[in-house]
Amino acid sequence: MNFAAAISTAVDPEAAVHDIIEQIRPHGSAFSLATIFYTPKHNGDADSIAQTLIETFDLPCLIGCSCEGVIGAGREIEKGPALSVLFGNLPGASASAFHISKAQWDAALADDDGFADHFQIKPDTRAVLAMGDPWTTPLYPVLDQFDAYRPSVPLIGGMASGATQAGKNVLLFNDARFDEGMVGISVSGEVRVEAVVSQGCRPIGRAFVITKGQANVIEQLGGRPALEVLQEVVDTLSEADKQMLSQGLLLGRAMDEYKDTLKRGDFVMRNVIGIDNTSKHIAVGDRVRVGQTIQFHARDAATADEELKLLLASRQTARPAGALLFSCNGRGTRLFASADHDAHVAAEQMPDVPVVGFFAAGELGPVGGKNFIHAHTASFALFSER
């Protein structure tokens, strides 16, 4: 199993793809897949870049997406033109690329057969890697069907972040370009794909049970108005912790409300997206139901750093052959005091492992054996032999 990574900050697309080719050639010429990430400067040339790479390395399988910033070779390029690529050769395994258009979602999610066909899932599929356009990918139905039809298959990836309006993202499926839907690769056979998902948030206060709510609105916690409960939690915080909340308030939803003790890794994080001072309701970026256990959390650079290091250090795959990293576009220098944080931690914990990725507008990855869409998260796919 052989992986190689390359990154270029050349403005000219021909120069950028030439940089990539020159960096990859010493690592071999036989690869079975490639993932490519590019900033909007390269959107207009994305398909020609893909075609050049496919022809140069005889690639049977390539996917890619536009993004706000790219990750590769221990660097995080948050501004300016950039292109990063991960090439992989998977002997004994197979990689099948797919594109699901906006018009195909009903068929893809209708039943088990349609789901397996559109996502290229086989009996021995180890993982699905995917990048979607946020405006034309029905994420919650997709996640529901993964739970229903393939609960053991991890979905790892991120949402394209290279646009601020519908129709402006560019997705690649081999050398074809699209501005909607989802692209991905189903990886099957003699390969191991380990997911590492670091949410990096610190709990505040204690856990509460939702006693009234609907859709994405929490009305009551423990029989009391939700906003009153939140205000009491905030009032108990130190001034330093209150200042930390200025970076963002999140709500952790327990994946198993029947656990006696909830700890790190037992919650999936959701953004608090609205507060109504009149009704004292709290709106979150997820569906809620009565009986769920929640705990408020805050974004915290120190906790994010500690957790990412801990999770990568305790990974099951001792020496990955290669890795993909989908990091929230709210991380990077928007969260950490210095640049290249997640890339540096990955290089520190997995020396000499090729790592490529991008800053996503939502990250896909499993927590507690169930697939989720995340925010403020670093989600890894680690490749190794079985």
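This short report walks through one helix and two threonines of a predicted model.

**Helix H8**

Let's begin with helix H8, which covers residues 301–313. With 13 residues at 1.5 Å a residue, H8 should span 18 Å, and its end C-alpha atoms are indeed 18 Å apart, so the two values agree. Five names make up the buried residues of H8: Thr 303, Ala 304, Glu 307, Leu 308 and Leu 312. Because they cover an arc of only 145° around the axis, they lie on the same side of H8. Turn to the other side of H8 and you meet Ala 302 and Ala 313, which are exposed. What covers the buried residues? The cover includes strands E13 (192–198), E14 (201–203) and E26 (378–384), together with helix H9 (341–349).

**Two threonines in loops**

Now for a pair of threonines, set out side by side.

| Residue | Loop between | Relative accessibility | Side-chain polar contact |
|---|---|---|---|
| Thr 136 | strand E8 (125–132) and helix H5 (139–149) | 12% | side chain of Asp 133, 2.7 Å |
| Thr 236 | helix H6 (226–235) and helix H7 (239–244) | 63% | backbone oxygen of Val 233, 2.6 Å |

Is Thr 136 buried or exposed? Buried means under 20% relative accessible area, so Thr 136, at 12%, counts as buried. Leaving aside residues up to four places away in sequence, Thr 136 touches Lys 102, Trp 105, Glu 180 and Gly 181.

Thr 236 is exposed, because its relative accessible area is 63% and exposed means over 50%. Gly 322 is 86 residues from Thr 236 along the chain, and their C-alpha atoms are separated by 45 Å.

Methods
Residues numbered from 1 in each chain as written. Predicted model: local features only at pLDDT ≥ 70, side-chain atom pairs only at ≥ 80, totals over all residues. Heavy atoms only, no water. Helix = DSSP H or I, 4+ residues; strand = E, 2+ residues; numbered from the N terminus. Expected span 1.5 Å × (residues − 1). Buried < 20%, exposed > 50% of the residue type's maximum accessible area, 1.4 Å probe, protein only. Arc of directions from axis to C-beta. Contact = heavy atoms within 4.5 Å. Polar contact = N/O pair within 3.5 Å; in protein donor to acceptor, adjacent residues only side chain to side chain.
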